[in-house]
Amino acid sequence: GQTSPAGMVNMITKKPRAEPYQRLSVTGGSNDLWRAELNVDSNLGSVGGVQFYNLASAAATNRGYDVPYAYLKQRLFSDAVMAKIDDRSSLLFEFEWSKRSSTPNTAGVPFVYSKKKYTGEIVPELGRLSQGGPNATKNREMSTATLTYENRISDVWTARASTYGYHRHAFNFNSGSSSKYDPSSNTIGRAKSYWDVLNEDSAALQADLLAHYWTGNHTLEHKTLLTLDLSDNWRYRIQRQPKASIAPDDLDVANPDYSVPAFGDYNIVSRQDKVRWDIQGLFLRQQTAFWQGRLIGFAGVRFDRVTYDMNFGDQYSTKTGKLESPGLIDHFTDTAASPSIGLNFKATPHIALYGHFRPSFSPNAQVAKLGDGRLPNEPGRGWDFGIKSSLFDNRLIFTLGGYIIRRDGVKASIKDDDGNTISVVAGSKEAKGIEFDGSWW
């Protein structure tokens with residue numbers, strides 16, 4: 001997947017604990033912010049020598065903004081049941097449901113757009129103008145279920161197998177925005193208004209085998225990880241727009257009219273995709289520690305094989321309602337290999353240096369739509385390096401890191417000789433930066 005910067009963020013899912021507890025927190029703040037979170041951990045007892053634990057969690061967040069009509073509502077419920085089979089093996093079932101309702105982001109500070117070209121001027125006072133008003137909607141809902149089995153086979157071997165599935169539903173309505181401001185008419189050019197539904201489903205299986213062992217009279221510590229993952233993914237997206245003759249006019253800044261056509265008028269299918277991709281992935285990683293762990297070296301390689309089934313439906317003109325782009329069915333297989341290498345050196349008991357290099361890729365076909373040709377993967381290269389320290393009896397802990405990320409073959413839209421918009425791989429992007437993360441207690 002895509003290379004990320006220095007790797008300072010670590011996300012951890014809560015698991016049931018043997019000792020029961022309850023925790024409730026409530027937070028309030030400006031912009032109508034409030035948040036509540038509840039965790040209840042229970043010891044369910046044992047059946048046939050198997051001990052059961054349960055953790056139920058719920059959270060809710062509401063907040064407003066200084067942009068008129070803008071809001072955010074988030075809801076979350078999860079439940080995790082842990083079956084402790086014995087001291088070496090366990091079975092964990094997790095279910096999570098989340099929902100997010102909000103207004104779409106605005107385009108930010110508008111640019112002056114005069115005589116069909118940008119002048120380079122910006123209008124900061126319009127940065128908080130709501131372009132969608134109360135009729136714009138951006139909703140997300142997702143349900144996931146995971147079953148994980150772990151077994152410490154011996155002092156050397158550990159095995160883990162997990163199966164996973166999710167359903168994701170997304171709905172956008174009237175969520176377009178524009179950065180074009182025309183001072184002569186005091187209007188912002190309103191972007192397309194559309195009704196957009198996206199449904200995604202996935203089923204996956206991942207198996208890990210880890211070996212932890214020593215050689216050289218216990219002077220070299222090794223960890224070898226082999227991972228196999230298989231997944232099937234489905235995506236269905238349909239987008240409808242009203243006829244251009246009844247589409248909203250440009251937004252009058254002084255007297256904004258947020259009215260849009262009725263739901264029933266969104267009857268021109270401008271996008272209809274049914275896509276499936278099947279993934280087989282294999283990952284091998286070797287880590288070796290020298291000099292009682294002062295120097296740690298690691299290298300790995302991942303291989304992916306992805307089979308795509310693309311079914312793009314007919315698309316119709318919003319001007320005439322007639323067929324504009326005939327549908328297309330495509331089937332192909334894509335492969336990629338991604339090696340990586342890195343070092344971590346403990347220069348002193350309190351200072352460690354690290355460096356990491358990894359080529360990566362992003363499959364352009366995964367977000368393909370009608371009209372896109374077969375585009376190769378977008379390759380990338382990432383370097384991250386830095387220093388980790390713990391000083392003053394571990395009271396000051398910090399990481400100072402740098403990163404360089406380069407992406408090649410970036411997907412872009414251009415006009416061909418006939419004036420048609422096509423997608424191509426064009427150009428490169430490079431990002432360089434420094435990150436600092438620390439704590440003092």
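# A strand-rich model and its charged pairs

E200 is a buried residue, with a relative accessible area of 15%. This is a good place to begin a tour of the model, which is a predicted one. The side chain of E200 has a partner: E200 and R168 meet in a salt bridge, with 2.8 Å from N to O. R168 sits in strand 9 and E200 in strand 12, so this pair ties together parts of the chain that are 32 residues apart in sequence. What is the relative accessibility of R168, and how does that class the residue? The value is 23%, so R168 counts as partly exposed.

## The chain as a whole

Before following more of these pairs, let us step back. The protein chain has 25 strands and zero helices. Its C-alpha trace spans about 80 × 50 × 50 Å along the principal axes. Of the 441 residues in the chain, 34% are buried. The accessible surface comes to about 25,500 Å², and carbon and sulfur atoms account for 56% of that surface. Contacts also reach across the sequence: among those with a separation of 6 or more, 64% join residues that are 24 or more positions apart.

## Salt bridges

Side chains of opposite charge can pair when their charged atoms come close. How many salt bridges does the model contain? The count comes to 16. Three of the pairs are set out here.

| Pair | Closest N to O distance |
|---|---|
| E150 and R160 | 3.6 Å |
| D208 and R160 | 3.4 Å |
| R168 and E200 | 2.8 Å |

R160 appears in two of these rows, so let us take its partners in turn. With E150, R160 forms a salt bridge of 3.6 Å. This pair links distant parts of the chain, ten residues apart, with E150 in strand 8 (residues 137–152) and R160 in strand 9 (residues 157–173). Are these two residues buried or partly exposed? E150 has a relative accessibility of 30%, so it counts as partly exposed. R160 is also at 30%, and therefore R160 counts as partly exposed.

The other partner of R160 is D208, and here the closest N and O atoms are 3.4 Å apart. Because D208 lies in strand 12 and R160 in strand 9, the pair ties together parts that are 48 residues apart in sequence.

Elsewhere, salt bridges join up into a network that links R381, R406, D408, E430 and K432.

## A closer look at D208

D208 belongs to strand 12, which runs over residues 195–215. Is D208 buried or exposed? Its relative accessibility is 14%, which is under the 20% limit, so D208 counts as buried. Besides its salt bridge with R160, the D208 side chain makes a polar contact of 3.1 Å with the side chain of Q206. Leaving out residues up to four places away in sequence, D208 touches T158, A159, R160, L225, L226 and T227.

## Nonpolar cores

Now to the nonpolar parts of the model. Which residues form the largest nonpolar core? There are eleven: V275, W277, I279, V306, Y308, M310, F312, F332, A365, A368 and L370. Two elements each give two or more residues to this core, namely strand 15 (268–290) and strand 16 (295–312). Strand 16 gives the most, with four residues.

F312 is one of the core residues. Not counting neighbours within four places in sequence, F312 is in contact with Q272, D273, V275, G327, L328, A368, K369 and L370. Apart from this core lies another one, of nine residues, including V123, L126, I188 and L251.

Another residue to find is D334, in strand 19 (residues 328–348). With a relative accessibility of 18%, D334 counts as buried. Its contacts beyond four places in sequence are with D304, R305, V306, Y308 and N377. Among these, V306 and Y308 are members of the largest nonpolar core.

## One open sheet

Finally, look for an open sheet of five strands, in the order 7-6-10-11-14 and with mixed pairing. Which strands form the edges? They are strand 7 (117–122) and strand 14 (251–252), each of which pairs on one side only. Strand 7 pairs with strand 6 (residues 111–114) in the antiparallel sense, over three bridges. Within this pairing, F111 stands opposite I122 in strand 7.

Terms used:
Residues are numbered from 1 along each chain as its sequence is written. This is a predicted model: local features need pLDDT of at least 70, side-chain atom pairs count only at pLDDT 80 or more; totals for chains, interfaces and linings use all residues. Side-chain values use heavy atoms; hydrogens and water are left out. Buried means under 20% relative accessible area, exposed over 50%, partly exposed in between (1.4 Å probe, protein chains only). A polar contact is a pair of N or O atoms within 3.5 Å; within protein, one must be able to donate a hydrogen and the other to accept it, and residues adjacent in sequence count only if both atoms are side-chain atoms. Contact means heavy atoms within 4.5 Å. Two strands pair if DSSP finds at least two bridges between them. A nonpolar core is a set of buried Ala, Val, Leu, Ile, Met, Phe, Trp, Tyr and Cys residues joined through side-chain atoms within 4.5 Å. Accessible areas come from the Shrake-Rupley method with a 1.4 Å probe; for residues, only the protein chains shown count as cover. A salt bridge is a side-chain nitrogen of Lys or Arg within 4 Å of a carboxyl oxygen of Asp or Glu.
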